[in-house]
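Here is a friendly walk through one chain, from paired charges to packed helices and surface patches. Keep the structure open beside the text as you read.

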Amino acid sequence: MKIRPKKEDVIDFLIISTIILFLFSYFKPSLLLSNTVISAGDTVGHYYGTWFMNKYLIPRFKLIGWSQDWFLGYPSFQFYFPFVFFLTGLLGYFIPLNISFKIGTVLGTFMLPVCTYLSFRLLKLDFPAPAIAACITLLLLFIERINPQQLYSMWGGNIPSTLAGEFSYSFALALSILFIGSFYNGLKQKKHIALNALLLTIIMLSHFFLFIFSMISTFFYLLDRKNFKKNLRYCFKVYITTLLLSSFWLLPMLAKVSYTVPHIWWPPSTTRELVDMIMPRPFIIFYILSIFSTSILIKKDKERLIFVYTALFSLILFLMAPQLNRIGLHGFEHLQLIKFL
């Protein structure tokens, strides 16, 4: 007996295919697959990570290793995220390394619409919500300015940020959206602990900021008083498995973090800049629609409020960033003083 695809599935497939083709019209295959050296922002320097992974680490079955090529020697990938470089380094055994690196830099951009679609399907959202969500990701990918005066080129997620060197962030962002749906699906079925832990581990090894975002999303289910114990057990199992899978990288990184320089982040200087940063003008219409839909979800389907929860929690962390930055700088200065004495 032949299984015929549903009309909705055919429409979804056509929409996702159109999105991918549109992205290929921007990232031309003739350029992606040309054996030339990539350039733009910090991306040039990141090529070394793929080269070192391909030539030294992978042949020795390592993800972390000592490099003599910069700073008179340093622990490569001990304080940075190795996963995307592992993928590009591995792919470099089958195609030229220049091409594999190019593919790695845009991989997260192509993954974001697909991962968003799959996440919404796993969240059991009805047609056409998953396809609409996938289409809306294009707005984030192609945003270039948060207002007419201020570029949006180093904040992560969009194409300019990715091409400036934040491709690990883009890759982790796509997986973090997928994780929201995957975790919900596993929680409801009481399954897929290992799968969700593996996904969370890959996110951590791709970008720690998105790991924090992903963890925050799971806390939403701990607000459910009726199922608190059950949800807590599932969360704990995923967390502990993730810790075991990532401990080879995470624990040494935390133990040696005092050797790193804190990330310096300064807040917008005016209230207007802060508002524009939180609410870019191209997104305003979607903020209005989100407020409207949230008022409906509060009464009918509270589980869908996970997106409102993660957005608000992320906003709180964003506003706290200057204070956290000052704490980090103070700790670094204190460390330097101890070394001097």
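In this predicted model, arginine 121 makes a salt bridge with aspartate 12, and their closest N and O atoms lie 3.8 Å apart. Arginine 121 sits in helix 5 while aspartate 12 sits in helix 1, so the bridge ties together parts of the chain that are 109 residues apart in sequence. Aspartate 12 counts as buried because its relative accessibility is 4%, under the 20% cut-off.

How many salt bridges does the structure hold? There are two. The other one joins arginine 121 to aspartate 9, with 3.5 Å between the closest N and O atoms. This pair, too, links distant parts of the chain: arginine 121 belongs to helix 5 (residues 97-122) and aspartate 9 to helix 1 (residues 7-26), with their positions 112 residues apart. Aspartate 9 is partly exposed, at 31% relative accessibility, and arginine 121 is partly exposed as well, with a relative accessible area of 37%. As general background, side chains of opposite charge can pair when their charged atoms come close.

The two bridges can be set side by side:

| Salt bridge | Closest N and O atoms | Separation in sequence |
|---|---|---|
| Arginine 121 and aspartate 9 | 3.5 Å | 112 residues |
| Arginine 121 and aspartate 12 | 3.8 Å | 109 residues |

Through the partner they share, Asp9, Asp12 and Arg121 are joined into one network of salt bridges.

**Helix 1 and its neighbours**

Stay with helix 1 for a moment, since isoleucine 16 is also located there. Is isoleucine 16 buried or exposed? It is buried, because its relative accessibility of 14% falls under 20%. Leaving aside residues up to four places away in sequence, isoleucine 16 touches Pro113, Val114, Tyr117 and Ala134. The C-alpha atom of isoleucine 16 is separated by 8.1 Å from that of cysteine 135, a residue 119 positions away along the chain.

**The chain as a whole**

Stepping back, the protein chain has 14 helices and two strands. Of its 341 residues, 42% are buried. Contacts across the sequence are a good thing to look at next: among those between residues at least 6 apart, 70% join residues at least 24 apart. The accessible surface of the chain is about 19600 Å², and carbon and sulfur atoms account for 71% of that area.

**Inside the helical packing**

Helix 4 (residues 83-91) is a handy place to look inward. Its buried residues are Phe83, Val84, Phe85, Thr88 and Gly89. Which helices do the buried residues of helix 4 pack against? They pack against helix 3 (43-57), helix 5, helix 8 (167-189) and helix 9 (193-206).

Moving on along the chain, histidine 207 lies in the loop between helix 9 and helix 10. Although in a loop, histidine 207 counts as buried, at 12% relative accessibility. With residues up to four places away in sequence not counted, histidine 207 touches Phe81, Ser168, Tyr169 and Ala172. For histidine 207 and phenylalanine 81, the C-alpha atoms are 5.9 Å apart, although 126 residues separate the two along the chain.

Serine 217 is found in helix 10 (residues 208-219). Serine 217 is buried, with a relative accessibility of 2%. Beyond residues up to four places away in sequence, the contacts of serine 217 are Phe179, Ile180, Ile306, Tyr309 and Thr310.

**Two patches on the surface**

Finally, turn to the outside. Val275, Met279, Ile284, Ile285, Tyr287, Ile288 and Leu289 make a nonpolar surface patch of about 580 Å². Which helix gives the most to the nonpolar patch? That is helix 13 (residues 284-300), with five residues. Methionine 279 comes from the loop between helix 12 (271-278) and helix 13. Methionine 279 is partly exposed, at 32% relative accessibility.

The other patch is of a charged kind: Lys190, Lys229, Arg233 and Lys237 form a positive surface patch. One of these residues, arginine 233, lies in helix 11 (residues 228-255).

Conventions
Residues numbered from 1 in each chain as written. Predicted model: local features only at pLDDT ≥ 70, side-chain atom pairs only at ≥ 80, totals over all residues. Heavy atoms only, no water. Patch = residues over 30% accessible without salt bridge, like charges linked within 9 Å, V, L, I, M, F, W, Y side chains within 5 Å. Areas by Shrake-Rupley, 256 points an atom, 1.4 Å probe, with all protein chains shown as cover. Salt bridge = Lys/Arg side-chain N within 4 Å of Asp/Glu carboxyl O. Helix = DSSP H or I, 4+ residues; strand = E, 2+ residues; numbered from the N terminus. Buried < 20%, exposed > 50% of the residue type's maximum accessible area, 1.4 Å probe, protein only. Contact = heavy atoms within 4.5 Å. Lys, Arg positive; Asp, Glu negative; His and termini not counted. Charge placed at Lys NZ, Arg CZ, Asp CG, Glu CD.
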